[in-house]
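Trainee: I should be grateful for a close look at one part of this model, namely a charged side chain and its surroundings. Please then set that part within the chain and its aromatic contacts.

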Amino acid sequence: MVPSTAGLLRGLLGLIWVLPVSMTPSAVQCTSLKTLENKLKDRQRYMKHNFPINYTIRVHYEEVFRLSNVTRLRMRVVEEESVVKVEEVDLQDLWRWVNKEVLKKLLRILPERHPSYKYTADLEGLFRQVEQVFPDSNERERPEPIEEIFNRLTDRHPNGWRFVTPKSLLDNCYRTMHCLFKDCFPSEDGEQDYCGIAHWRKGRKRLLDT
Ligand SMILES: *[C@@H]1O[C@H](CO)[C@@H](O)[C@H](O)[C@H]1NC(C)=O
Ligand SMILES: *[C@@H]1O[C@H](CO)[C@@H](O)[C@H](O)[C@H]1NC(C)=O
């Protein structure tokens, strides 16, 4: 029997599907991440100046996803052959999941007339656009350490909570985004170590100096 064009196409798509997921983001993915990055640059104004000093919100431990978390998860070397290894793409999925939750939470504490409401809603919208250009992470099997984090993240009655400022949540989002998607953020000064905290300390000093 001669296969139909549709059948062939389906076969091809199936083939693409089983190929390992690339960890280098595509141009479309970078574009949506960069739009988000640009918006996040205003976080100081909207997530700090518009809030009382030291104002904090309650989040899951896992919603604090910092550069040190990325470093630690990358070091998870799994010995047994059978265990699914933590890959870059798993960390990218985790980043999207955590920050989607963080934005939802921020939006929930803000009354519509709050001066940061629109900013946060816009951020959430941009984030949804990011979600649309990435494959659904539920289609892949997650390595155990990542699966455990997902489970704790969705636990409605965790053993404890963290209290953190809205600004620090978005700082984490901004920095880990650069670390995990560094190919989207090339710099004129050559290769940047976005995953190192020193990079951001330097940045802060430069900001204060000007
Ligand atoms: C805010 O927190 C910092 C660090 O914990 C503390 O030093 C400062 O006194 C606090 N400010 C106010 C107004 O509570
Ligand atoms: C990041 O590390 C902290 C401990 O430093 C931990 O409480 C938190 O759950 C970690 N976050 C993720 C997403 O693994």
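Mentor: Glu-37 is the residue to examine: Glu-37 is buried and yet has no salt bridge. The nearest side chain of opposite charge belongs to Lys-41, 4.0 Å away. The model is a predicted one, and the values that follow are computed from it.

Glu-37 is placed in helix H2, which covers residues 27-40. If neighbours within four places in sequence are set aside, Glu-37 is in contact with Tyr-174, Met-177, His-178 and Phe-185.

One of these contacts, Tyr-174, leads on to the aromatic pairs. The search of the whole structure gives eight such pairs. One of them is stacked, because the rings of Tyr-46 and Tyr-119 have centres 4.4 Å apart and planes at 10°, and stacking requires planes under 30 degrees apart. Tyr-46 belongs to helix H3 (residues 43-49) and Tyr-119 to helix H6 (residues 117-132), so this pair ties together parts of the chain that are 73 residues apart in sequence. Tyr-46 has a relative accessibility of 17% and therefore counts as buried, the limit being under 20%. Tyr-119 is buried as well, with a relative accessible area of 4%.

Tyr-174, the contact of Glu-37, forms an edge-to-face pair with Trp-200, with 5.8 Å from centre to centre and 70° between the planes. This pair also links distant parts of the chain: Tyr-174 lies in helix H8 (residues 166-180) and Trp-200 in helix H9 (residues 197-209), 26 residues apart. Both Tyr-174 and Trp-200 are buried.

Elsewhere, ring pairs join Trp-95, Phe-127, Phe-134 and Phe-181 into a cluster. Two arginines lie over ring faces: Arg-58 over that of Trp-161, at 3.7 Å from the ring centre, and Arg-142 over that of Phe-150, at 3.7 Å from the ring centre.

As for the chain that holds these features, there are nine helices and two strands, and their order along the sequence is α-α-α-β-α-α-α-α-β-α-α. The chain has 210 residues, of which 41% count as buried; Glu-37 is buried too. Among contacts between residues at least 6 apart in sequence, 84% join residues at least 24 apart. The accessible surface of the chain comes to about 13600 Å², and carbon and sulfur atoms account for 53% of that surface.

Conventions: Residues numbered from 1 in each chain as written. Chains lettered and ligands numbered in written order. Predicted model: local features only at pLDDT ≥ 70, side-chain atom pairs only at ≥ 80, totals over all residues. Heavy atoms only, no water. Phe/Tyr/Trp six-rings, centres within 6.5 Å; stacked < 30°, edge-to-face > 60°. Helix = DSSP H or I, 4+ residues; strand = E, 2+ residues; numbered from the N terminus. Buried < 20%, exposed > 50% of the residue type's maximum accessible area, 1.4 Å probe, protein only. Lys NZ or Arg CZ within 6 Å of the ring centre and 35° of its normal. Lys, Arg positive; Asp, Glu negative; His and termini not counted. Contact = heavy atoms within 4.5 Å. Areas by Shrake-Rupley, 256 points an atom, 1.4 Å probe, with all protein chains shown as cover.
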